[in-house]
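Visitor: I am new to this structure and would like to learn how to read it. Could you walk me through it, one feature at a time?

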Amino acid sequence: MFVLNYNKTYFLNSFSKINDINIQDGIEIAFVGYSNSGKSSAINALTNKKNLARFSKMPGRTQLINFFQVNSEFRIVDLPGYGYATAPEIVKLKWQKILYHYLEKRDFLKGIILLMDIRYPLKKLDYKILDLVKKRKIFFLVLLTKSDKMTLSQQNHQFKIVQNELNNFIHDIPVVLFSSIRKTGINILKNTLNLWHNSFL
Ligand SMILES: Nc1nc2c(ncn2[C@@H]2O[C@H](COP(=O)(O)OP(=O)(O)OP(=O)(O)O)[C@@H](O)[C@H]2O)c(=O)[nH]1
Ligand SMILES: [Mg+2]
């Protein structure tokens, strides 16, 4: 099996409009989830970089579609979080539209990683992503982030609740307990991306 070297990932480009995206080859995997769910931190942890993807205590930090190149044909994409609570409604809706447009239409998108804060999983807009995954033939993985905020027994309890609920929706969705701080779940994330990448070789 070909193993990707995530440490070599570098920033490629950012776009604020779908039509501006001029990258037209290879495959890409998007990190999706509510604002503050830990997308940028997960990309930093995956790539072993402190600040490749910008993260912040201020929700709504990521405001562009950011592309990172892992190797010549494999990219990861950091998306703006949805549902940033205190953004003006019109800004929220604009970004949701851009996000769904990208997730629905982008041909090079072959996989979605849905990140949910383990304390607040399965909110309204997460279900919209599940709907979209059902419609598109696309790889899918769920990370329950910030697992370090809970005890192990709380984590396992929450894990089962989420897995059961997801199973009602789509069968056999892989769910992973994840923490960027403790690096929990990083190896599963890497192995999953390696498998996805290999399926296109
Ligand atoms: N305890 C803990 N905090 C985390 C973890 N991952 C991220 N955080 C914190 O959560 C906050 C948000 O993280 P980001 O990575 O910026 O979240 P994001 O999903 O990219 O947010 P947007 O760009 O606004 O969509 C930051 O303060 C991070 O330090 C984690 O695994 N554990
Ligand atoms: Mg971000």
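Guide: Gladly! Let us begin with what contact means here: heavy atoms within 4.5 Å. Angles run from 0 to 180 degrees between N-to-C directions. Please keep in mind that this is a predicted model.

Visitor: Which strands does α5 lie across, and at what angle does α5 run to β6?

Guide: Helix α5 lies across β2, β3, β4, β5, β6 and β7. Its direction makes about 170° with that of β6.

Visitor: And which strands does α2 touch?

Guide: Before that, a look at the sheet itself. Seven strands form an open sheet, and their order is β1-β3-β4-β2-β5-β6-β7, with mixed pairing. The edges are held by β1 (10–15) and β7, each with a single partner strand, so one side of each has no neighbour in the sheet. On average, neighbouring strands are turned by 25° against each other, direction ignored. Now to your question: helix α2, residues 89–105, packs on this sheet and touches β2 (27–33), β3, β4 (74–78) and β5. The direction of α2 makes about 145° with that of β2.

Visitor: How do I read the pairing at the β1 edge: is it parallel or antiparallel?

Guide: Strands count as paired if at least two bridges are found between them. β1 and β3 (residues 65–71) pair in the antiparallel sense, over five bridges. For a place to look, find Phe 11, which stands opposite Phe 68 in β3.

Visitor: What about β5: in which sense does it pair with β2 and with β6?

Guide: β2 and β5 pair in the parallel sense over six bridges. Strand β5 (residues 109–117) also pairs with β6 in the parallel sense, over seven bridges. You can follow a line of residues across these strands: the bridge partner of Val 32 in β5 is Leu 114, and Leu 114 stands opposite Val 142 in β6. Another place to look is Asp 117, which stands opposite Thr 145 in β6. Between these two strands, the chain crosses from β5 through helix α3 (residues 124–135) to β6, and this β-α-β crossover is right-handed.

Visitor: What comes on the other side of β6?

Guide: There β6 pairs with β7 in the parallel sense, over three bridges. Leu 144 has Leu 177 in β7 as its bridge partner. Here too there is a right-handed β-α-β unit, made of β6, α4 and β7.

Visitor: How many residues of β5 and of β6 are buried?

Guide: The cut-off to know is that buried means under 20% relative accessible area. In β5, eight of the nine residues are buried, so this strand is largely enclosed by the rest of the structure. In β6, six of the seven residues are buried, so β6 is largely enclosed too.

Visitor: Now the aromatic rings. How many aromatic pairs are there?

Guide: Rings pair if their centres lie within 6.5 Å, and the count comes to six aromatic pairs. Take Phe 139 and Phe 200: their ring centres are 6.2 Å apart and their planes are at 90°, so this pair is edge-to-face. Phe 139 lies in β6 (residues 139–145) and Phe 200 in the segment after α5 (186–198), so the pair ties together parts that are 61 residues apart in sequence. Phe 139 is partly exposed, at 30% relative accessible area, and Phe 200 is partly exposed at 40%. Ring pairs link these two and Trp 196 into a cluster.

Visitor: Which rings have a lysine over them?

Guide: One is Tyr 100: the charged end of Lys 128 sits over its ring, 4.3 Å from the centre. Another is Phe 169, with Lys 134 over its face at 4.8 Å from the ring centre.

Visitor: Last, the backbone. Where do Asp 172 and Lys 183 lie?

Guide: Asp 172 lies in the loop between α4 (152–169) and β7 (175–177). Its phi is near 60°, a positive value in a residue other than glycine. With a relative accessibility of 67%, Asp 172 counts as exposed. Lys 183 is in the loop between β7 and α5. Its phi is near 65°, again a positive value in a residue other than glycine, and Lys 183 is partly exposed at 42% relative accessible area.

Key
Residues numbered from 1 in each chain as written. Chains lettered and ligands numbered in written order. Predicted model: local features only at pLDDT ≥ 70, side-chain atom pairs only at ≥ 80, totals over all residues. Heavy atoms only, no water. Phe/Tyr/Trp six-rings, centres within 6.5 Å; stacked < 30°, edge-to-face > 60°. Helix = DSSP H or I, 4+ residues; strand = E, 2+ residues; numbered from the N terminus. Buried < 20%, exposed > 50% of the residue type's maximum accessible area, 1.4 Å probe, protein only. Lys NZ or Arg CZ within 6 Å of the ring centre and 35° of its normal. Right-handed = clockwise from strand over helix to strand, strands pointing away.
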